[in-house]
Amino acid sequence: MSIFDRICLLLLIVGGLNWGLIGLLQFDLVAWIGGGQSGLLSRVIYTLVALSAVWCMSLLFRAMRRNESMA
């Protein structure tokens, strides 16, 4: 797993924890840090989390392909 893969996974963890906080406590940590949901920093973080999710889909397919080649 490359360093880029690890960074993407870390961003997904941040996004997942943020959604957990929203669901349980109605508290958006990213918005709080970034000056509201429409703040530039918040929007950058939200975008990076979304791009990380797209990238991590490739991790899933790489793992599936690796398992198929072992069978």
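1. A quick word on terms before I start: a residue counts as buried under 20% relative accessible area, exposed over 50%, and partly exposed in between. Keep in mind, too, that this is a predicted model.

2. With those cut-offs, R62 comes out as partly exposed, because its relative accessible area is 31%. I bring R62 up early since it takes part in the one salt bridge that the structure holds. The partner is D5, and the closest N and O atoms of the two are 3.3 Å apart. The pair links distant parts of the chain: R62 sits in helix α3 (residues 40-70) and D5 in helix α1, 57 residues apart. D5 has 2% relative accessibility, so this end of the bridge is buried. As background, side chains of opposite charge can pair when their charged atoms come close.

3. On to the cysteines. Which cysteine sulfur is nearest to that of C8, and how far away is it? It belongs to C56, 5.1 Å away, and C8 is in no disulfide. Looking from the other side, the closest cysteine sulfur to that of C56 is the one in C8, and 5.1 Å is too far for a bond, because a disulfide needs the two sulfur atoms within 2.5 Å. The disulfide count is therefore zero. C8 is buried, at 4% relative accessible area, and C56 is buried as well, at 10%.

4. Have a look at the backbone around Q26. This residue has a positive phi of about 55°, although it is not a glycine. For context, most residues other than glycine have a negative phi. Where does Q26 sit? You'll find Q26 in the loop between α1 (3-25) and α2 (29-34). Is the residue buried or exposed? Q26 is exposed, because its relative accessibility is 75%.

5. Last, the surface. L24, L25, F27, L29, W32, I33 and L41 form a nonpolar patch there, and together they have about 770 Å² of accessible area. Which helix gives the largest share of the patch? That is α2, with three residues. Both α1 and α2 supply at least two residues each. W32, one of the patch members, is found in helix α2. At 62% relative accessibility, W32 counts as exposed.

6. If you only have a minute with the model, I'd go to three places: the R62–D5 salt bridge, the positive phi at Q26, and the nonpolar patch that includes W32.

Notes
Residues are numbered from 1 along each chain as its sequence is written. This is a predicted model: local features need pLDDT of at least 70, side-chain atom pairs count only at pLDDT 80 or more; totals for chains, interfaces and linings use all residues. Side-chain values use heavy atoms; hydrogens and water are left out. Buried means under 20% relative accessible area, exposed over 50%, partly exposed in between (1.4 Å probe, protein chains only). Helices (H or I, at least four residues) and strands (E, at least two) are DSSP runs, numbered from the N terminus. Patches are made of residues with over 30% relative accessible area and no salt bridge: like charges are joined within 9 Å, nonpolar side chains (Val, Leu, Ile, Met, Phe, Trp, Tyr) within 5 Å. Accessible areas come from the Shrake-Rupley method with a 1.4 Å probe; for residues, only the protein chains shown count as cover. A salt bridge is a side-chain nitrogen of Lys or Arg within 4 Å of a carboxyl oxygen of Asp or Glu.
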